[in-house]
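The exercises below ask you to find features in a model and to reason from them step by step. Look over the sequence and the structure before you read each solution.

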Amino acid sequence: MLSLYASRVAAGEWRDYALDRHEDMAVFSIFRHTHERPLYSVSKTQRRGQKRPTFALFAGPKRLKSSASLLDVLAVFEKLPRLVQS
């Protein structure tokens, strides 16, 4: 996840991130600018009694992908539009 983040920072698409922890969830949020809402958020949820965590990708309130595999969730970024610089 950090490798993907670093490549998008190097390309000038993303500028900042935040890590949040809730009772049974951790969230990695990605920002274009520090003082804006996150462009994307990747969550990891593992409820009590659940053997494997569930990962999800959100664009604002919209869930783009949910999977038991973080790699499946991160693969969605390859299909999303990218910032083009001239």
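A helix is here a DSSP run of H or I with at least four residues, a strand is a DSSP run of E with at least two, and both are numbered from the N terminus. The model is a predicted one, and with that in mind we can begin at the end of helix α1, where Gly12, just after α1, takes a positive phi of about 85 degrees.

**Exercise 1.** Work out which residues of α1 are buried, and where they lie as seen down the axis of the helix.

*Solution.* Step one is to list the buried residues of α1, which are Leu4, Tyr5 and Arg8. Step two is to look down the axis of α1, where these buried residues fall within an arc of 100 degrees, so they line one face of the helix. Residues three or four places apart in an α-helix point the same way, because there are 3.6 residues a turn. Step three is to turn to the face directed away from the buried side, which carries the exposed residues Leu2, Ser3 and Ala10. Step four is to ask what the buried residues of α1 pack against, and the partners are β1, β2 and α2.

**Exercise 2.** Trace the sheet from strand to strand, and state which strands form its edges.

*Solution.* Begin with β1 (residues 16–22) and β2, which pair in the antiparallel sense over seven bridges and are joined by a hairpin through two residues. One bridge to find in this pair is that of Arg21, whose partner in β2 is Ala26. Next, β2 pairs with β3 (residues 40–45), again antiparallel, over six bridges, and here Val27 stands opposite Ser43. Then five bridges join β3 to the antiparallel strand β4 (residues 54–59), where Ser43 stands opposite Ala56. Taken together, five strands form an open, antiparallel sheet in the order β1-β2-β3-β4-β5. Its edge strands are β1 and β5 (62–67), each of which pairs on one side only, and the twist from one strand to the next averages 15 degrees. To close, check how covered β2 (residues 25–31) is: five of its seven residues are buried, and the strand is mostly covered.

**Exercise 3.** Decide how the ring of Tyr5 is arranged against those of Trp14 and Tyr17.

*Solution.* A pair of aromatic rings is described by the distance of the centres and the angle of the planes. A search of the whole structure finds seven such pairs. In the pair of Tyr5 and Trp14 the centres are 6.2 Å apart and the planes meet at 25 degrees, so this pair is stacked. In the pair of Tyr5 and Tyr17 the values are 5.2 Å and 75 degrees, and this pair is edge-to-face. Because Tyr5 lies in helix α1 and Tyr17 in strand β1, the second pair ties together parts that are 12 residues apart in sequence. As for covering, Tyr5 is buried at 10% relative accessibility and Trp14 is buried at 2%, whereas Tyr17, at 39%, counts as partly exposed. Ring pairs link these three residues with Phe28, Tyr40 and Phe77 into a cluster.

**Exercise 4.** Identify the residues that touch the most other members of the largest nonpolar core.

*Solution.* The core has 14 residues, and those sought are Trp14, Ile30, Tyr40, Leu57 and Phe77. Two or more residues of this core come from each of α1 (2–10), β2, β3, β4 and α2 (70–74). Now follow Tyr40 outward: the residues it touches include Trp14, Ile30, Leu57, Phe77 and Leu80.

Notes: Residues numbered from 1 in each chain as written. Predicted model: local features only at pLDDT ≥ 70, side-chain atom pairs only at ≥ 80, totals over all residues. Heavy atoms only, no water. Buried < 20%, exposed > 50% of the residue type's maximum accessible area, 1.4 Å probe, protein only. Pairing = 2+ DSSP bridges. Axes fitted to C-alpha atoms, helices over the stretch in contact; angles between N-to-C directions. Core = buried A, V, L, I, M, F, W, Y, C linked by side-chain atoms within 4.5 Å. Contact = heavy atoms within 4.5 Å. Phe/Tyr/Trp six-rings, centres within 6.5 Å; stacked < 30°, edge-to-face > 60°. Arc of directions from axis to C-beta.
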